[in-house]
Each structure stands twice: as C-alpha cells, then as structure tokens.
Amino acid sequence: MTAPLFKGVITALITPLRDGNVDEPAFEALLERQIAAGVHGVVPMGTTGESASLTGDEHRRVIELCVKVAAGRVRVIAGAGASGTDKAIERVQHAKTVGADAALVVTPYYNRPSQAGLIAHFEAIADAVQLPVLLYNVPGRTGVDMTNQTVAALARHPNIVGIKDATGDLARVSWMRTHVAGAFDLISGDDASFLGYAAHGGTGVISVASNVAPEAMVALWNAVASGDLALARSWQDRLADLQQALFLDSSPSPTKYALARLGLCSEEMRLPLAPTRDDVKPAIDAAMAAAGVS
C-alpha cells in the first residue's frame, strides 16, 4: 500500500450549542485549540457532532464555518452520511462546494441494506461527486456491518480513499492491509483500540478523546509514527481512562461535560440526547485528571 492521504489524529469535533442554537464562537475557539495542539485533521458533523439531530441548515453552516476557520491549516473531512443515497450525495456535493478536503460517509442507518446495496450506495456517491470519500463502518450505531470483501470492492473506486473502522475488530485492519491494493487509508474509529489498530497497520484515528486531550493524543500518534512502542504505551496508559469515560453516557454528552469543565463550551445537547448524568461525572473528572487536562 502507498502513503496515506489522511493520517494521524483527526478530531471528531463536537458541535457546541447554546440556547438551542449552534454556538459559533465556541466552535471557532474549539477548532483553534485543535489546530494549536497539532492535530492532523478534523471531522465536523460526524456522529460526535450530533449530525443526526441538527437541521440541514445547521449541518451545512457548521461545515462551511469549519472550512473557513481551518483555512487550509488542517484537513477538513466533512461528515456527509445519510440513510438515503440522494441525501448523502447532496451532502457530499455541499462539502465539495465549500472546500472540504474529503467526505466521511457512514453506512446507511435504519435501512440496513445488503452488501450489494452498500456497494451500489457508495459507488453512486463516488460517481456523482469528485471528492475523496472515506467509508465509515460503525455497525453498533447503524445496524449494518460492511464486510471486508465489500470494503475491498469499494476500494477499487478512485474516489474512495479509505475507511473509518469503528468496529473494534483488530483482525479487520490486517485483512484490509493485505487484501486492498493501492492507496487506501485505514483509520481507527475507536480511541481505546487505536494503538492496537496502528500496530496492525492503521494510518490514524478519528478521535473523540482528542476533543478533550488533543496534545496527548498527538503525542501518542507521534510515538506510534516514530516506532517507539514503549512511549506509545505510556501515552495510551495516561489516556485509557479518559477514552473509556467519554462513553459512560450517550456520546458526545461526556465530551461536552469535560469541555464545559475546561470553560470551552456549554453542556447543552440537542434532544433526544441529554446532558451527562451526575452519577458518571466523578469518573470523567478523575479520567481528565489522569490525562493531565483537568
């Protein structure tokens, strides 16, 4: 496989809200914090950005704002998935129009298509818009799993450049690394297993934890990239509790709680998601302290 197009720490950005609306100043400040910490890319309007709950206008505005503020300093991979193919094409076209570097397209949720349906869906998107597409496989949320063979088939399309693999199955990355020809980025979608994923040949991580601890996640990646496994394990040990704590309640509410503790945004969520429960906040506090960000 050739050099990756997208690699390193790519933050799955939250969407800060205040009084029912997107808090644009907070979003800009959060993005600037990520860039200053040295992340390699960002994903606006992914799962962590509450894309399923925001309006179409809000979705488009957040991506436009992200591209504008990033101003080419980091790569912007726009969340562009939808349960219907036509809607996904519209979102990928918008991402291209506003200048995003790529689109992250999740498997269609709720519809639960067959593998043939998945191939037809992603090929239709990649044919319609000349923008790099990253597949996103997260069966725990969508109810459909993209098989390795389907990934390999889709990887032959020139506009499909990689996958965000949020299955937590480390055997998959080795299979894809050895069976997918050409340039195809293998990106972990799970912070807790990222180190293992990278050891199997993964090229990066689309991270929730880097919202809260971007410098530490970048340090972990740098250790991985330099081949210093002992240092990488040390950083992973420091981050492990935080990576788990951010999923003690429905994501991204724990992440918003952690960022609110840092004075960076409010805890506000868009229904049906609710703010973090009080009973899990002490564990998040302790995890932040262990990661050195409290």
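Biologist: In which helix is Leu 229 found?

Modeller: In this predicted model, Leu 229 is found in helix α10, which covers residues 229–245.

Biologist: Does a label such as buried or exposed follow from a cut-off, and which one applies to Leu 229?

Modeller: Buried means under 20% relative accessible area and exposed means over 50%, with partly exposed in between. Leu 229 has 47% relative accessibility, so this residue counts as partly exposed.

Biologist: How far is Leu 229 from Ala 199 in space?

Modeller: Their C-alpha atoms are separated by 9.0 Å, while along the chain the two residues are 30 apart.

Biologist: What share of the contacts in the protein is made by residues 24 or more positions apart?

Modeller: Among contacts with a separation of 6 or more, such residues account for 72%.

Biologist: How many helices and strands does the protein have?

Modeller: There are twelve helices and ten strands.

Biologist: Why does the radius of gyration agree with a compact globule?

Modeller: The idea is to set the value beside the one expected for the chain length. For 294 residues a compact globule would have a radius near 19 Å, and the protein has 18 Å, so the two agree. The C-alpha atoms fill a box of roughly 45 × 45 × 35 Å along the principal axes.

Biologist: What percentage of the residues count as buried, and what does the surface come to?

Modeller: Of the 294 residues, 54% count as buried. The accessible surface is about 11500 Å², and carbon and sulfur atoms hold 51% of that area.

Biologist: How far apart are the mean positions of the positive and negative charges?

Modeller: They are 3 Å apart, taken over 24 positive and 30 negative charges.

Conventions. Residues numbered from 1 in each chain as written. Predicted model: local features only at pLDDT ≥ 70, side-chain atom pairs only at ≥ 80, totals over all residues. Heavy atoms only, no water. Helix = DSSP H or I, 4+ residues; strand = E, 2+ residues; numbered from the N terminus. Rg over C-alpha atoms; globule rule 2.2 N^0.38 Å. Buried < 20%, exposed > 50% of the residue type's maximum accessible area, 1.4 Å probe, protein only. Contact = heavy atoms within 4.5 Å. Areas by Shrake-Rupley, 256 points an atom, 1.4 Å probe, with all protein chains shown as cover. Lys, Arg positive; Asp, Glu negative; His and termini not counted. Charge placed at Lys NZ, Arg CZ, Asp CG, Glu CD.
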